[in-house]
Amino acid sequence: QVRLVESGGGFVQAGGSLRLSCAMAGVTSGGYDMAWYRQTPGRQREWVAAAMADGTTFVHESLRGRFSVSANDAKDTVFLQINNLKPEDTDVYLCVIGDSWGQGIQVTVSS
C-alpha cells in the first residue's frame with residue numbers, strides 16, 4: 001500500500017465549510033481512482049464521492065450541492081470540499097487512492 005497523508009478536518013460551526021485533502025506520499029502518481037467515504041462506528045461505511053483516473057467525478061446523490069470532489073493536476077491528491085456543513089455531517093472521513101486507505105479525518109459540526 002501507498003501511505004496517504006490526510007488533513008483538513010476539525011471542529012466547525014454549522015453553516016461553515018471545510019476542505020479535506022488526501023495526498024499520496026513517496027510514490028509517483030498516475031492511473032488511480034480516488035474516493036471519499038465516511039464511517040460511523042457500528043454503521044456501514046458510506047460512499048461520499050469519487051474522482052476517477054479519467055477525470056470524471058461523482059458525488060453521492062444525497063450530498064450533491066454541498067459536497068464536491070476534485071484532484072490536483074498531478075493526480076496524487078484528492079480534495080473534498082464541504083459547504084454549508086450540518087451536524088449530521090459529523091463523522092470520520094476516509095480517503096482511498098487506488099487500493100490505499102487513509103487513517104481517517106474527524107469532522108465535527110456543532111449546531
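For 111 residues, a compact globule would have a radius of gyration near 13 Å, and this protein comes in at 13 Å, which agrees. Keep in mind that we're looking at a predicted model. The fold is built from 11 strands and 0 helices, and one disulfide joins Cys22 to Cys95.

**Overall build**

- Reading from the N terminus, the elements simply go β-β-β-β-β-β-β-β-β-β-β.
- The C-alpha trace spans about 40 × 25 × 25 Å along its principal axes.
- Of the 111 residues in the protein, 39% are buried.
- The accessible surface adds up to about 6000 Å², and carbon and sulfur atoms account for 46% of that.
- Take the contacts between residues at least 6 apart in sequence: 50% of them join residues at least 24 apart.

**The nonpolar core**

- As a rule of thumb, nonpolar side chains in soluble globular proteins tend to be buried together.
- Here, the largest nonpolar core holds 26 residues.
- The residues with the most contacts inside this core are Leu20, Trp36, Val48, Phe67, Val78, Leu80 and Tyr93.
- At least two core residues come from each of these: strand 3 (18–25), strand 4 (34–39), strand 5 (46–51), strand 7 (67–71), strand 8 (77–82), strand 9 (91–97) and strand 11 (105–110).
- Strand 3 gives the largest share of the core, with 4 residues.
- What does Leu20 touch, leaving aside residues up to four places away in sequence? Its partners are Ser7, Gly8, Gly9, Trp36, Val78, Phe79, Leu80, Ile82, Tyr93, Ile105 and Val107.
- Among those partners of Leu20 are Trp36, Val78, Leu80 and Tyr93, which also appear in the list of residues with the most contacts inside the core.

**The disulfide**

- A disulfide is a covalent bond between the sulfur atoms of two cysteines.
- The count for this protein is 1 disulfide, and the S to S distance between Cys22 and Cys95 is 1.9 Å.
- Cys22 sits in strand 3 and Cys95 in strand 9, so the bond ties together parts of the chain that are 73 residues apart in sequence.
- Is the Cys22 and Cys95 disulfide right-handed or left-handed? The torsion about the S-S bond is about 60°, so the disulfide is right-handed.
- Cys22 has a relative accessible area of 0%, so it counts as buried.
- Cys95 is buried too, with a relative accessible area of 0%.

**A buried serine**

- Ser100 belongs to strand 10, which covers residues 100–101.
- Ser100 has 1% relative accessibility, so it counts as buried.
- Where does the side chain of Ser100 reach? The side chain of Ser100 gets to the backbone nitrogen of Val2, at 2.7 Å.

**Two loop residues with positive phi**

- Most residues other than glycine have a negative phi.
- Lys75 has a positive phi, near 55°, and its place is in the loop between strand 7 and strand 8.
- Is Lys75 buried or partly exposed? Its relative accessibility is 35%, so Lys75 counts as partly exposed.
- Asn84 has a positive phi as well, near 50°, and lies in the loop between strand 8 and strand 9.
- With 43% relative accessibility, Asn84 counts as partly exposed.

Terms used: Residues are numbered from 1 along each chain as its sequence is written. This is a predicted model: local features need pLDDT of at least 70, side-chain atom pairs count only at pLDDT 80 or more; totals for chains, interfaces and linings use all residues. Side-chain values use heavy atoms; hydrogens and water are left out. A nonpolar core is a set of buried Ala, Val, Leu, Ile, Met, Phe, Trp, Tyr and Cys residues joined through side-chain atoms within 4.5 Å. Buried means under 20% relative accessible area, exposed over 50%, partly exposed in between (1.4 Å probe, protein chains only). Contact means heavy atoms within 4.5 Å. A polar contact is a pair of N or O atoms within 3.5 Å; within protein, one must be able to donate a hydrogen and the other to accept it, and residues adjacent in sequence count only if both atoms are side-chain atoms. The radius of gyration is taken over C-alpha atoms; the globule rule is 2.2 Å times the number of residues to the power 0.38. Accessible areas come from the Shrake-Rupley method with a 1.4 Å probe; for residues, only the protein chains shown count as cover. A disulfide is a pair of cysteine sulfur atoms within 2.5 Å.
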